[in-house]
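Grab your viewer and work through these exercises with the coordinates open. Each one has a task, then a solution in steps.

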Amino acid sequence: MKAPLPRSFYTHHTVRVARALLGKILVHEGTSGRIVETEAYLGIDDGAAHSAHGLTERTRVIFGPPGHAYVYLIYGMYDCLNLVAEPDGVAGCVLIRALEPMDGLDQMRWRRPRVTRVEDLANGPGKLTRALGITLGHNGIDVTRGPITVHPAEKSAAFEIAVSHRIGITKSADLPLRFFIKGNRCVSVNVK
DNA sequence: AGTTCGATCGCCT
DNA sequence: GGCGATCGAACTG
């Protein structure tokens with residue numbers, strides 16, 4: 001396993017970070033997966049972003065230093081993982097939407113017992129946090145240190161990046177801010 | 001203090 | 001393809 005991505009990886013425009021995260025490896029306590037789908041949530045001119053209404057207790061992490069985890073509860077029951085981008089003081093984060101499971105398949109199956117196909121273990125933002133054991137308790141942690149970390153791929157594999165509008169939002173719905181590995185079987189939904 | 005509604009998922013038809 | 005679960009943040013008054 002290579003060293004975690006350094007903070008400088010995250011200190012860029014959110015779109016650049018969202019694209020660069022594709023193909024990287026997300027790790028938590030013996031479970032891991034290849035990131036195959038992301039969405040960018042911008043600090044300005046993005047009504048869908050939680051940071052759109054400014055700095056609050058909830059959005060504090062998004063405005064903070066890059067390379068940290070923003071985890072929030074959606075629909076009262078699912079946890080969603082974001083990685084904070086942009087310099088300290090500037091809002092912007094990347095929602096991790098889908099993983100291709102790699103290590104710790106037994107643990108993932110234990111946490112998601114009704115799933116039969118490997119590609120269904122982590123092909124959604126709520127599914128991947130459940131599969132890897134990521135919860136609200138991880139909000140604000142530094143992913144350059146752990147226990148959640150992100151690593152370069154062991155060997156570089158060529159892939160094509162596809163772009164679409166983001167999934168499940170109503171505000172700023174047409175912005176092309178969803179990025180995924182074209183043709184990957186673990187992408188959450190087929191939307192173009 | 002009450003209401004609305006969401007960056008989802010899985011079960012039902 | 002439709003819908004219920006489940007709860008907290010943000011907004012209304």
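A polar contact is a pair of N or O atoms within 3.5 Å. Keep in mind that this is a predicted model.

**Exercise 1. Use that cut-off to find where side chains and backbone of the protein meet DNA strand B.**

Step 1. Start with Arg114: an N or O atom in its side chain is 3.2 Å from a phosphate oxygen of DNA strand B. That is within 3.5 Å, so the pair counts as a polar contact.

Step 2. Go on to Gly168, where a backbone N or O atom lies 3.4 Å from a phosphate oxygen of DNA strand B.

Step 3. For a contact to a sugar or linking oxygen of DNA strand B, look at Tyr78, with a polar side-chain atom at 3.3 Å.

Step 4. Now put the surface on the secondary structure. The elements that give two or more residues to the surface near DNA strand B are β3 (69-74), β4 (78-84), β5 (92-101) and α4 (125-132). The most comes from α4, with three residues.

Step 5. Zoom out to the whole neighbourhood. There are 20 residues around DNA strand B, and Tyr72, Tyr75, Asn82, Arg112 and Gly126 come nearest. On the DNA side, sugar and phosphate make up 54% of the strand B atoms that come within 4 Å of the protein. Sorted by type, the surface has ten nonpolar, six polar and four charged residues.

**Exercise 2. Which residues are around DNA strand C, and which polar atoms meet there?**

Step 1. List the neighbours: His53, Thr56, Arg58, Tyr75, Gly76 and Met77. Sugar and phosphate account for 63% of the atoms of DNA strand C that come within 4 Å of the protein.

Step 2. Check the phosphate oxygens of DNA strand C. A polar side-chain atom of His53 lies 3.4 Å from one, and a polar side-chain atom of Thr56 lies 3.2 Å from one.

Step 3. Check the bases. A polar backbone atom of Tyr75 is 2.4 Å from a base oxygen of DNA strand C.

Step 4. Sort the residues by type: two are nonpolar, three polar and one charged.

**Exercise 3. Is α4 largely enclosed or open, and why?**

Step 1. Pick out the buried residues of α4, which are Pro125, Gly126, Leu128, Thr129, Ala131 and Leu132.

Step 2. Compare with the length of the helix: six of the eight residues are buried, so α4 is largely enclosed by the rest of the structure.

Step 3. See what does the covering. The cover over the buried residues of α4 includes β1 (25-28), β2 (31-42), β4, β5 and α3 (105-111).

Step 4. Step off the end of the helix. Just after α4 comes Gly133, with a positive phi of about 80°.

**Exercise 4. Find the aromatic pairs and classify them by the angle between their planes.**

Step 1. Count them: there are two aromatic pairs. One of them is Phe9 with Tyr10, at 5.1 Å centre to centre and 80° between the planes. Planes over 60 degrees apart count as edge-to-face, so that is the label here.

Step 2. Turn to Tyr70 and Tyr72, whose ring centres are 5.6 Å apart with 20° between the planes. An angle under 30 degrees counts as stacked.

Step 3. Look at burial. Relative accessible area is 15% for Phe9, which is buried, and 0% for Tyr10, also buried. Tyr70 counts as buried at 2%, and Tyr72 counts as buried at 13%.

Step 4. One more ring to check: Arg178 lies over the face of Phe180, 4.4 Å from the ring centre.

**Exercise 5. Where do Asp45 and Ser172 lie, and how exposed are Asp45 and Ser172?**

Step 1. Place them. Asp45 is in the loop between β2 and α2 (60-63), while Ser172 is in the loop between β7 (161-164) and β8 (178-181).

Step 2. Read the backbone. Phi is near 55° for Asp45, a positive value in a residue other than glycine. For Ser172, also a residue other than glycine, phi is positive too, near 50°.

Step 3. Finish with accessibility: Asp45 counts as exposed at 71%, and Ser172 is partly exposed at 27%.

Conventions: Residues numbered from 1 in each chain as written. Chains lettered and ligands numbered in written order. Predicted model: local features only at pLDDT ≥ 70, side-chain atom pairs only at ≥ 80, totals over all residues. Heavy atoms only, no water. Phe/Tyr/Trp six-rings, centres within 6.5 Å; stacked < 30°, edge-to-face > 60°. Buried < 20%, exposed > 50% of the residue type's maximum accessible area, 1.4 Å probe, protein only. Lys NZ or Arg CZ within 6 Å of the ring centre and 35° of its normal. Near = heavy atom within 4 Å. Polar contact = N/O pair within 3.5 Å; in protein donor to acceptor, adjacent residues only side chain to side chain. Helix = DSSP H or I, 4+ residues; strand = E, 2+ residues; numbered from the N terminus. Nonpolar A, V, L, I, M, F, W, Y, C, P; charged D, E, K, R; others polar. Contact = heavy atoms within 4.5 Å.
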